[in-house]
Number of protein chains: 2
Amino acid sequence: MSIVVVGSVALDSVETPFGKVENALGGSATFFSVAASFFTKDIKLVAIVGEDFPQEHIDFLKSRGIDLKGLERVSGKTFHWKGQYGENLGIARTLATELNVFEKFAPKLPESYRKSEFVFLANINPELQMDVLKQVRESKLIICDTMNLWISERKKELLETIKNVDILVLNDAEARQLTGDSNLTKAAKKILSYGPKRIIIKAGQYGAMTFSETSFFAAPAYPLEQVIDTTGAGDTFAGGFVGYLASTGDVSESSVRKAILYGTVMASFNVQDFSLNRQRILTRSEIDSRFAEMKAMFEL
Amino acid sequence: MSIVVVGSVALDSVETPFGKVENALGGSATFFSVAASFFTKDIKLVAIVGEDFPQEHIDFLKSRGIDLKGLERVSGKTFHWKGQYGENLGIARTLATELNVFEKFAPKLPESYRKSEFVFLANINPELQMDVLKQVRESKLIICDTMNLWISERKKELLETIKNVDILVLNDAEARQLTGDSNLTKAAKKILSYGPKRIIIKAGQYGAMTFSETSFFAAPAYPLEQVIDTTGAGDTFAGGFVGYLASTGDVSESSVRKAILYGTVMASFNVQDFSLNRQRILTRSEIDSRFAEMKAMFEL
């Protein structure tokens, strides 16, 4: 089945204790769609870049089979994020956020995108997320991400968006911020009362958990002794998660659980190198092998 | 099989956002042995109390079938801990630690204790833990807990103890403090290199994980919307864990995984009330029912 993803395509400058990159390929829609492309070839991307965006990145995304009809190219500079991580790679310090052309982003879905069964609203202004929802038809599953900025600055609009999605994906700090509850179970139940059928809470090294009204499931992070750069890990997780669901068309509890393991596996590869460098050389058999390892962790 | 536990029996004064208790039954050996008593009736406790220790607590421990031959009663006051928890019940603020008779604690194992197959060294000075190890014979499995105080004040002695145990149990902050690594996988591998065959890292709301040289397993916390008091949760987890292993005599990977689920279940009951109040009315069928729920979380 087809996936439409709306988010950012960016150039990132990132420094961690293990090195740094300048103007490397990044952005939520990028990480998401590249991860999903290992599961399905029907991925439609909506984003905006400036005239400085390198052709090689376009070529890379095309080589992954991603439909770029919805990638607007306008005059000006591409969204640029500059961040730094300390020893604990869980928390980035943002040094600069240059929105550039992203400031004028008004997602317009090409006609061929509007009947996609799966819709991923990456972390953008919730008002734009709502605009996207008005453009989709016949969607089977709408998945939404967000961030602390929108929780503090656009809470009303965010709650309106959340009300209209099937699955909300956020991290533990965001779940606490959104609800005011430090108990994650309580926070999750409260968020479910806002409208979504399911919430996925990502917790970095501690893995991810998901709550619906009737079920609970948690998966540990894939254990890695060496983590290089966590930029894009959340979007890569979402890409593996939605990519797997779209490849099977099955959104049952059992399928969602496997999808969370695939999301976990994809995120584990992502953090082993800067930008999307690990994904560039990643093979399906490596994914399957790590998935088998994850499955073995569930044997009692 | 038989378990010997060496640790504290204390009186706790605890305040949380949900209420408070004064001079309630507490102590690492207490929480541990009561939890274990739901799995096996051969539990031998070594601890020290003062003349103020209420007979009703002795009667309660006896009613759980716990052997108190090793519980010394001396003149003076019982170890008293006073703590306060904020909204996030993960972190206690210690208001007072009155060691009292605990200062003179020199664990002496009655002859009938020395051949116990399972030995749990609760969180006490690592020098005393080593003294205990010198007194046990024919042990099948030695499990050891510790705390931040000993990592900072008695690191050399602690490393000597760790070298001589089979399983080290600590929390995520302690694993990081002991190794200087914020990456828990890296921290766990480093601790394994110190000698133990297995490490269990407890992470509160995020559950627990265990590493051996060849295996990795993680279990989420049992999801609870309302947590009243987390005092003793770690020792209760250990009690369920060791109690289950001792009840089967099987220490294989598969048995250890089930034991971690039982530890998780016991801890989940403990945090639902102050002191050991929940345990006083707990039934085996309630434990089995929550264990079945945990098992269902592992179905893919």
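**A two-chain model, starting from one arginine**

R198(B) is buried, with a relative accessible area of 9%. Here buried means under 20% relative accessible area, exposed means over 50%, and partly exposed covers the range in between, with a 1.4 Å probe and protein chains only. The model is predicted, and local features are reported only at pLDDT of at least 70, side-chain atom pairs only at pLDDT 80 or more, while totals for chains, interfaces and linings use all residues. Residues are numbered from 1 along each chain as its sequence is written, chains are lettered from A and ligands numbered from 1 in the order in which they are written, and side-chain values use heavy atoms, with hydrogens and water left out.

What does R198(B) form with E253(B)? The two residues form a salt bridge, and their closest N and O atoms are 2.7 Å apart. A salt bridge is counted when a side-chain nitrogen of Lys or Arg lies within 4 Å of a carboxyl oxygen of Asp or Glu. This pair links distant parts of chain B: R198(B) belongs to strand β11 (residues 198-202) and E253(B) to helix α9 (residues 253-270), 55 residues apart. Helices (H or I, at least four residues) and strands (E, at least two) are DSSP runs, numbered from the N terminus. E253(B) is partly exposed, at a relative accessible area of 23%.

Chain A has a salt bridge between E253(A) and R198(A), with N to O at 2.7 Å. It joins helix α9 of chain A, where E253(A) sits, to strand β11 of chain A, where R198(A) sits, and the two residues are 55 apart along the chain. R198(A) counts as buried at 8% relative accessibility, whereas E253(A) is partly exposed at 24%.

Next come other salt bridges. Over all chains the structure holds 28. One of them pairs R137(A) with E111(A), whose closest N and O atoms are 2.7 Å apart. These residues come from distant parts of the chain, 26 residues apart: R137(A) is in the loop between α3 and β9 of chain A, and E111(A) is in the loop between β7 (92-98) and β8. R137(A) is partly exposed at 36% relative accessibility, and E111(A) is exposed at 55%. Elsewhere in chain A, D42(A), K44(A), D67(A) and K69(A) are linked in a network of salt bridges.

Helix α3 of chain A comes before the loop that holds R137(A). Why is this helix described as largely enclosed by the rest of the structure? Seven of the 10 residues in α3 (residues 126-135) are buried, so the helix is largely enclosed. The buried ones are P126(A), L128(A), Q129(A), M130(A), V132(A), L133(A) and Q135(A). They pack against β1 (3-6), β8 (118-121), β9 (141-145), α4 (148-153) and α5 (155-163) of chain A. At the N-terminal end of α3(A), N125(A) acts as a cap, with a side-chain oxygen 2.8 Å from the backbone nitrogen of E127(A).

G204(A) lies in the loop between β11 (198-202) and β12 of chain A. It is exposed, with a relative accessible area of 56%. The C-alpha atoms of G204(A) and I91(A) are separated by 9.7 Å, although these residues are 113 apart along the chain.

Now consider how the two chains meet. Contact, meaning heavy atoms within 4.5 Å, involves 35 residues of chain A and 35 residues of chain B. The area buried between the chains is about 3000 Å², and carbon and sulfur atoms give 58% of it. Buried area is the accessible area (1.4 Å probe) that two parts lose on being put together, summed over both. Y206(A), E225(A) and L300(A) supply 28% of the area that chain A buries against chain B, more than any other three residues. The elements of chain A that give two or more residues to this side are α6 (172-179), α7 (184-193), β12 (208-212), β13 (216-219), α9 (253-270) and α11 (284-296). How many salt bridges are counted between chain A and chain B? The count is zero.

Finally, the two copies can be superposed. A rotation of 180° with 0.0 Å of shift along its axis places chain A on chain B, at an RMSD of 0.0 Å. The fit is by least squares on the C-alpha atoms of residues with pLDDT of at least 70 in both copies. The copies are thus related as by a two-fold rotation axis. In chain A, the C-alpha nearest that axis belongs to F298(A), 2.7 Å from it. The same surface serves both copies, since 100% of the contact residues of chain A recur in chain B.

How values were computed:
Polar contact = N/O pair within 3.5 Å; in protein donor to acceptor, adjacent residues only side chain to side chain.
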